[in-house]
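Here are my notes on the model you sent over. I've kept them as numbered points so you can check each one against the structure as you go.

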Amino acid sequence: MKLNEVLKKLEEVAPVALSDDFCKKYSMYDNSGIIIDCGEEITGAVFSLDLSSKTVKEALSLGYNLIVTHHPAIYGGVSRIKSTDPIAQCIKNGISVISMHLNFDVAPKGIDYHLMLGLGGQTPEILAEVEGGGYGRVYQITPVRFSEYAEQIRKEFSTSRAVAFGADKQINKVASFCGAGCDNRAIEFAAAHDADVFVSSDMKHHEIAALTGLGINVIVLTHYSAESYGFNKIYNEISLGLKIPSAFFTDAELI
């Protein structure tokens, strides 16, 4: 397959234009799409949440010359690149890179959607809506004690690193935000919709304190486990239609 043909298959799930529309509507920034084009016919693809030296090593071991990431391989300005940097390793070894970031987050069946499903939700109120999808959700779950719920989540997301804060009470309603999704607007959204638990990643102390002060329990997932979960679900769907071999890479040290 040509690189552009792979991109078109990825965009069947979530076009890059979805990221552009979301950024314009909510004053965000993103860098999704083709990041490195080495100009070669694609022999195979490794899907990985991040571009890392480990991912490059995996691609080389498989003989694949494309890496598809969720997090943009280049996000902001780049002033210097060393030979050991993953970007340099990709260019040196003829490995192209596609990154599908906010468009995969906010797609109707994107990463934020799959986070909700993994947390036991179905029909949400959405904080930031866009074209049938969006970001930030509040929804009912089957009533459960908080301590039991936290253990269910650790099992479902294959992580022992989820941290729980709050009283061991019965919970009925969850607010969730994939990635680093906690800010004042998200807290207000959760409180306004009577969430019992707030689930996100990379949360700061004052945010956790603000939520527990409102009587809302908190579960902090690792950024990796929260997003690799949905990215893997998307990969399983996309891989069926790819005309090239592919593999999904999980970094066990980060999950």
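1. A quick word on terms before we get to the pocket: Ala, Val, Leu, Ile, Met, Phe, Trp, Tyr, Cys and Pro count as nonpolar, Asp, Glu, Lys and Arg as charged, and the rest, Gly among them, as polar. By that scheme, the lining of the largest pocket has 14 nonpolar, five polar and four charged residues. Please keep in mind that this is a predicted model.

2. On to the pocket itself. The largest one holds about 410 Å³ of space. It is lined by 23 residues, and those closest to its centre are F22, M28, Y135, A180 and G181. Several elements each give two or more residues to this lining: α2 (16-26), α5 (102-106), β5 (125-130), α8 (184-192) and α10 (223-238). Which of them supplies the largest share? That is α5, with three residues.

3. Now the overall build. I'd describe the protein as 10 helices and 11 strands. Its radius of gyration is 19 Å, close to the 18 Å that the globule rule gives for 255 residues, so the protein is as compact as a globular protein of that length. If you want a feel for the dimensions, the C-alpha atoms fill a box of roughly 55 × 40 × 35 Å along the principal axes.

4. Next, packing and surface. Of the 255 residues, 53% are buried. Looking at contacts with a separation of 6 or more, 68% are between residues 24 or more positions apart. The protein exposes about 11,700 Å², and 50% of that comes from carbon and sulfur atoms.

5. Helix α6 deserves a look of its own. Is this helix, residues 111-118, largely enclosed or open? Seven of its eight residues are buried, which is to say under 20% relative accessible area, so α6 is largely enclosed by the rest of the structure. The buried ones are I111, D112, Y113, H114, L115, M116 and G118. As for what they pack against, the partners are α5, β6 (133-145), α7 (146-156), β8 (170-176), β10 (217-221) and α10. Note that α5 and α10 also give residues to the lining of the largest pocket. Just after α6 comes G120, with a positive phi of about 95°.

6. Two backbone angles to check by eye. Most residues other than glycine have a negative phi. S27, however, has a positive phi, near 55°. You'll find S27 in the loop between α2 and β1 (33-36), where it is exposed with a relative accessible area of 68%. D194 also has a positive phi without being a glycine, at about 60°. This residue is in the loop between α8 and β9 (197-201), and at 57% relative accessibility D194 counts as exposed.

7. Last, a glycine in a loop. G76 is located between β3 (66-69) and α4 (86-92). Why does G76 count as partly exposed? Its relative accessibility is 42%, and the partly exposed class runs between the 20% and 50% cut-offs. G76 and Y29 are 47 residues apart along the chain, and their C-alpha atoms are separated by 9.4 Å.

Methods
Residues numbered from 1 in each chain as written. Predicted model: local features only at pLDDT ≥ 70, side-chain atom pairs only at ≥ 80, totals over all residues. Heavy atoms only, no water. 1 Å grid on protein atoms, 1.4 Å probe; cavity = no way out; pocket = protein on both sides within 12 Å on 5 of 7 lines; lining within 4 Å. Points joined across faces, edges and corners; volume = space filled by probe spheres on them. Helix = DSSP H or I, 4+ residues; strand = E, 2+ residues; numbered from the N terminus. Rg over C-alpha atoms; globule rule 2.2 N^0.38 Å. Buried < 20%, exposed > 50% of the residue type's maximum accessible area, 1.4 Å probe, protein only. Contact = heavy atoms within 4.5 Å. Areas by Shrake-Rupley, 256 points an atom, 1.4 Å probe, with all protein chains shown as cover.
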